[in-house]
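I sat down with a model today and kept a notebook as I went. Here is what I looked up, in the order I got to it.

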Amino acid sequence: AKMATVSLGFNIDSPRWDQSTFVGRLKHFFNITDPRTVLVPEEELDQAKALVEGCRAGLVPPGSSQEQLLYAKKLYDSAFHPDSGEKMNLVGRMSFQVPGGMAITGCMLQFYRTVPAVVFWQWVNQSFNAFVNYTNRNAASPISLRQIGVAYVTATGAALATAVGLNLYTKRAPPLLARWVPFAAVAAANCVNIPMMRQQEIINGITVTDENNNELGRSRRAAVKGISQVVVSRITMAAPGMIILPIIMERLEKFTFMQRIRVLHGPLQVLLCGGFLLFMVPAACALFPQRCSLALADLEPELRDSIMAKHGDKVPYVYFNKGL
């Protein structure tokens, strides 16, 4: 097939889909959370970054097609931080959420009956979450190793307290309730882990800009809004698999053939979790715009007054990266 040529006015950073709609954002995140990108060699990722940066500078290699540039941008978005442009660690990339999340979630759902198993898999999950949350923070707000450690220990403690407490509480409850304990623990930990890991943003505020990306100052309220949306997204990401899958397994395990292949229950749950996450990772990321906005009237009074003094009523909204 003949490849499209690059137009003179081609902007590689211009979204391919309308980011003001859920469907547009869903297509965007299906593109950049594609789990196949985790298999791309580091050298190819570096080449994609060089191509994207060259295109931004107007230096498109002769013979480059639009498809090649868009694929390079896909690789760039999947592996490099949107704020700093630095390559993200593999485990923390959103494109690793499906392979990493399906293995851990499947094991949490399978090994929920004993306290040692609950403790181990909740610890593994929170370690994974710590990598993801740190990797996808707003890079303009640095966090110290001590703060990372406190966030990690606090979130792991919250998850373990919830999981072990509910595990003991549901010993006499219907079996299905016990299967839902891992989701309760994950939800509780997300409410602690993400704000703690990104506490510097809440303390010092994050950079907000006008619609043309001109910096206007730092806002704590913007940080709270962005982090709150990320918490909701992460819980939504886990919910369908961790709520619906236990119901499916509860019914399947009543069949004779399932009782004969108990050794395969774990791998089956891992695969089914992968099916849920394949759709839910981009869907949850797409719930809210990546470039978040906040009305001028909702900013801190001092920042609002500063913006109005410089720009009058020309800046009704401020914008910021909410992180993932």
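My entries follow, beginning with the ground rules.

**Ground rules**

I'm working from a predicted model, where local features need pLDDT of at least 70, side-chain atom pairs count only at pLDDT 80 or more, and totals for chains, interfaces and linings use all residues. Residues are numbered from 1 along each chain as its sequence is written, and side-chain values use heavy atoms, with hydrogens and water left out.

**Entry 1: helix α3**

I started with α3, residues 66-79. For my own reference, helices are DSSP runs of H or I with at least four residues, strands are runs of E with at least two, and both are numbered from the N terminus. α3 has 14 residues and spans 20 Å from its first C-alpha to its last, close to the expected 20 Å. That expected span is 1.5 Å times one less than the number of residues.

Next I asked which residues of α3 are buried. Buried means under 20% relative accessible area, exposed means over 50%, and partly exposed is in between, using a 1.4 Å probe and protein chains only. My list is L69, L70, A72, K73, K74, L75, Y76, S78 and A79. These buried residues pack against α1 (22-32) and α2 (42-56), with contact meaning heavy atoms within 4.5 Å.

**Entry 2: the loop after α3**

I moved on to the loop between α3 and α4, where I found G92 and L90. Is G92 buried or exposed? G92 is buried, because its relative accessible area is 0%. Leaving out residues up to four places away in sequence, G92 touches F131, V132, T135 and N136. I also checked G92 against A72: they are 20 residues apart in sequence and 20 Å apart in space, C-alpha to C-alpha.

L90 has 37% relative accessibility, so I wrote it down as partly exposed. With the same kind of neighbours left out (up to four places away in sequence), L90 touches V38 and F96.

**Entry 3: the largest pocket**

Now for empty space. Rolling a probe the size of a water molecule over the atoms shows where such space is left. The search uses a 1 Å grid over the protein atoms alone: a cavity is a set of points where a 1.4 Å probe fits but cannot get out, a pocket is an open set with protein on both sides within 12 Å along at least five of seven lines, and lining residues have an atom within 4 Å of a point. Grid points are joined across faces, edges and corners, and a volume is the space filled by probe spheres set on the points.

The largest pocket has a volume of about 1,300 Å³. It is lined by 41 residues, and D13, K73, P82, Q290 and R291 lie nearest its centre. K73 was already on my buried list for α3. Which element gives the most to this lining? It's α3, with six residues. The lining divides into 16 nonpolar, 14 polar and eleven charged residues. Here Ala, Val, Leu, Ile, Met, Phe, Trp, Tyr, Cys and Pro count as nonpolar, Asp, Glu, Lys and Arg as charged, and the others, Gly among them, as polar.

**Entry 4: closed cavities**

How many cavities of 30 Å³ or more are there? The count is four.

The largest cavity has a volume of about 250 Å³. Of its 17 lining residues, Q97, T105, N125, N129 and A238 lie nearest the centre. α10 (220-252) is among the helices that supply at least two residues, and α10 gives the most, with five. By class I noted nine nonpolar, seven polar and one charged.

The second largest cavity holds about 60 Å³ of space. Its lining includes M108, W121, Q122 and N167. The largest share, four residues, comes from α5. I counted nine nonpolar, two polar and no charged residues in this lining.

**Entry 5: an odd backbone angle**

Most residues other than glycine have a negative phi. N213 caught my eye: its phi is positive, about 70°, although it is not a glycine. N213 sits in the loop between β1 (206-209) and β2 (215-219). N213 counts as exposed because its relative accessibility is 55%.

**Entry 6: checking the record**

Last, I opened UniProt, where an unreviewed entry lists residues 149-169, 227-248 and 268-288 as "transmembrane region". Positions are in the numbering used here, feature names are shortened, and annotations may be inferred rather than shown by experiment. In the model, residues 149-169 are 100% helix and 0% strand, with end C-alpha atoms 30 Å apart. Residues 268-288 are 86% helix and 0% strand, and their end C-alpha atoms lie 32 Å apart.
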